[in-house]
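Work through the exercises below with the sequence and the model open. Each task is followed by a solution in steps.

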Amino acid sequence: MKPKILIVDDKPQNLYSLKVLLKKLDVDVIQTTSGFDALILALEHDFCLAIVDIQMPEMDGYELVELLRSEENTANLPVIFVSAIFSDEYHHKKGYDAGAVDFLSKPFNPDILLSKVRIFLDLYQQRIQLQIAVEQLNEQNKTLAHQRLMAESLQQVTTTLNSSLDRDTVLDKIMEQLGRIIQYDAASVWLRDGSNLVLIRGINFAASYIGYKVPLSGKNMVVKVFEVGQTIIIPDVRQDPRWDNWEEEISILSWMCIPLSTDSQRIGVLTVDSFEVDTYHEADALVLQSFANQAVNAIKNMQLYEEAQQAKEKADLANQAKSEFLSNMSHELRTPLNGILGYAQILKQKPNLTMEIDDGLTIIQQSGNHLLTLINDILDLSKIEARKMDIYPLEVNLPNFIDGVVGIMRMKAQEKNILFEHETSNLPNGVMVDEKRLRQVLLNLLGNAVKFTNQGRITLRVSELTDALASTTQRNAESLIRFEVVDTGVGMTPEQASKIFEAFEQVGDIRKRAEGTGLGLAITKQLVELMGGDLQVRSKLEKGSTFWFEISLPIVEMADKQVPYEAGHQIIGYEGTQRKVLLVDDLASNRAVLYSLLEPLDFSLKEAADGAEGVKVATEWQPDLILTNLVMPIMNGLEMIKKVQDTPTLAEVKTIILSASSFDKQQWSEAIKLSDGFLNKPFKVNDLFDLITDNLELVWRYEEQADTSQNIAVELVVPPVEELTELHRLAKRGGMKKVRLWAQHIIEMDEQYRPFAEQVETLAKQYDGLGIIELVEGLRSV
């Protein structure tokens with residue numbers, strides 16, 4: 001009859017996976033999804049092992065094991081707990097306290113599970129064989145009753161020995177449980193360490209003996225037992241010529257030594273000693289061998305745990321070193337990028353730029369942003385691998401958020417003359433979500449759609465999935481939102497689609513692969529999972545792709561947030577009294593970027609090169625706002641902010657952090673808690689203006705814009721008809737770069753056309769081809 005194994009899990013897919021795995025063994029597998037059914041099955045069958053999930057409805061794993069232990073027929077049934085959620089040290093201890101013999105965290109290594117199951121199958125077979133042997137011995141000699149009782153206690157010993165993975169605890173329990181099944185005056189456990197046997201535990205041995213080594217090349221009796229792999233009993237060491245052990249100093253008279261072996265290797269020996277002669281016989285050896293087998297299992301589990309811990313420690317150290325390296329490199333790379341992108345933004349706002357200079361600044365911005373994306377991708381992947389990536393939900397106006405994403409992507413789609421559409425349905429106004437990460441996900445999916453679509457359209461669909469079975473309270477508390485990106489691009493084969501979410505894996509047009517790292521979708525999938533969703537893809541080669549995910553978002557009440565500045569208008573100052581801003585950064589280039597940005601807007605500015613100087617200047621000057629870096633010599637940004645907040649005269653001063661550093665969760669939380677705003681370098685100018693607006697309650701003044709109504713035909717000198725016809729043709733074809741070259745061309749024709757050319761170039765920069773077409777057609781009708 002095959003040994004039976006009971007598997008208990010409320011999820012049928014988990015049961016199926018376990019059953020398929022256990023098919024590799026010659027066993028009968030009985031499964032159930034209920035703790036109550038499992039209890040009944042355990043009372044009806046003789047199982048050699050139960051594998052039990054912890055989190056189950058009605059009766060969890062802990063309750064089931066407690067009930068099993070309370071029944072006589074199942075009290076000694078070995079139970080292995082498996083869990084995907086309760087995997088910390090507290091639940092491990094709780095599991096062992098409940099009576100489990102082992103605890104595995106999902107997902108677990110199938111080979112390790114099979115190895116452990118084989119151990120209990122061996123124990124079960126040994127128990128059956130031992131029971132048969134004991135019964136035979138009982139029939140032959142009633143004097144063996146004591147040995148039989150000892151054998152029956154071995155199952156309880158198994159549970160005890162496997163209740164811990166700590167080295168000292170396991171070895172102590174081996175010596176403690178040994179005394180329950182056999183009489184001894186001294187005992188020892190020896191384990192192989194390279195070319196020696198080492199005494200690692202001893203009872204009634206001097207402390208100095210622990211760690212004693214016996215070379216495997218020697219003739220010591222423990223070495224002989226280890227080599228031959230067979231038990232040796234010496235009834236009287238004084239009469240046995242083989243006895244030459246150093247243990248004679250302990251007054252040993254009779255001695256028995258059992259090999260500690262697995263199926264494939266010997267790991268050591270176990271000895272019991274008596275101060276009387278003729279103490280041990282073959283029946284004792286049989287019982288002790290069964291105990292030794294269980295001790296081997298406990299020791300192997302202990303060693304596997306130690307190896308896993310050592311591997312984990314090495315991996316943690318490697319991850320820590322990698323994280324520190326990437327954090328430092330991120331800071332070192334972001335710092336010069338802040339200067340590059342900062343000045344590119346400032347210079348692009350200058351009036352009367354030539355097309356060549358404007359295009360050059362655009363290339364600098366695009367290249368800098370591309371490099372920043374690569375830095376962020378590598379850093380995000382590192383955080384995800386180290387399990388340090390966190391989600392920070394904040395109140396977000398969802399329709400406004402979607403409009404912002406659409407605004408960014410529509411321009412990129414227009415550059416390739418691709419139709420971009422978005423559809424929303426029944427969306428809640430306010431939700432709690434990590435705005436930065438959700439934007440990162442959507443921009444990555446939409447960016448890929450634009451990259452791999454050469455014609456046709458791209459559609460972003462965002463809709464609420466109403467659950468008809470959900471209660472009104474549940475629907476009011478949270479909303480299940482589906483995000484879907486559909487394109488008519490190059491598509492993928494099934495094989496390519498199966499690899500698309502792997503890190504550094506790129507598919508599709510080889511020319512497009514050079515535009516990224518292959519990290520985007522891998523990171524995007526991980527971010528979606530962190531937000532509680534699952535990113536999926538459906539694609540057909542040359543027919544396009546659809547990416548979608550669903551996440552449940554808590555609903556909050558919030559009104560539409562007003563935009564603090566007017567997009568497309570140049571800020572030239574602010575209303576009211578002059579405000580004082582202190583710039584604190586150890587790098588002069590970073591201070592220069594901020595100075596160049598704020599000084600033209602009539603802010604009163606002062607600078608400091610570190611936190612200590614920042615506190616001194618702030619105390620003397622009393623600024624309205626401090627813009628500060630974090631990582632600085634002498635005193636860092638957080639320390640400076642604490643000093644400022646602890647100074648009564650500076651209690652009303654606002655602080656905004658601008659940092660290129662990468663933070664862990666604790667540092668991030670502290671920075672957010674202490675400051676009045678936080679931006680990563682390099683930052684966008686409008687993002688900084690948003691924070692300044694919120695903290696200083698400013699009303700901006702804007703540069704007056706020229707009238708672009710149709711009466712421009714009267715105010716501007718219009719080029720010849722043939723030139724307008726060419727402009728109309730270029731605008732219809734969507735070639736905005738060629739439109740701008742046309743504008744440069746007519747300025748070279750005659751300087752009087754400059755105002756008209758500048759108007760056309762402004763529309764071209766905004767990729768407003770329709771506006772250019774309407775302008776030309778309006779002029780034709782005049």
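The exercises concern a predicted model and deal with its cysteines, a sheet and the helices on that sheet.

**Exercise 1. Cysteines**

Determine how many disulfides the structure holds, and decide whether cysteine 48 and cysteine 257 are buried or exposed.

Solution.
- Step 1: A disulfide requires two cysteine sulfur atoms within 2.5 Å. The structure holds zero disulfides.
- Step 2: Buried means under 20% relative accessible area. Cysteine 48 has a value of 3%, so this residue is buried.
- Step 3: For cysteine 257 the relative accessible area is 0%, so this residue is buried as well.

**Exercise 2. Strand order**

Give the order of the six strands in the open sheet, and find which strands stand at the edges.

Solution.
- Step 1: The order reads β8-β7-β6-β11-β10-β9, with antiparallel pairing.
- Step 2: β8 (213-215) and β9 (232-234) each have a single partner strand, so one side of each lacks a neighbour in the sheet.
- Step 3: On average, neighbouring strands of this sheet are turned by 20° against each other, direction ignored.

**Exercise 3. One strand pair and the helices**

Describe how β6 pairs with β7, then state which strands helix α8 and helix α9 meet.

Solution.
- Step 1: β6 (residues 186-193) and β7 (residues 196-203) are antiparallel, joined over seven bridges. Within this pair, valine 189 has arginine 201 of β7 as its bridge partner.
- Step 2: Helix α8 (residues 167-181) packs on the sheet and touches β6, β7 and β11 (266-274). The direction of α8 makes about 65° with that of β7.
- Step 3: Helix α9 (residues 221-228) lies across β6, β7, β8, β9, β10 (254-261) and β11. Relative to β11, α9 runs at about 135°.

Notes. Residues numbered from 1 in each chain as written. Predicted model: local features only at pLDDT ≥ 70, side-chain atom pairs only at ≥ 80, totals over all residues. Heavy atoms only, no water. Buried < 20%, exposed > 50% of the residue type's maximum accessible area, 1.4 Å probe, protein only. Pairing = 2+ DSSP bridges. Helix = DSSP H or I, 4+ residues; strand = E, 2+ residues; numbered from the N terminus. Axes fitted to C-alpha atoms, helices over the stretch in contact; angles between N-to-C directions. Contact = heavy atoms within 4.5 Å.
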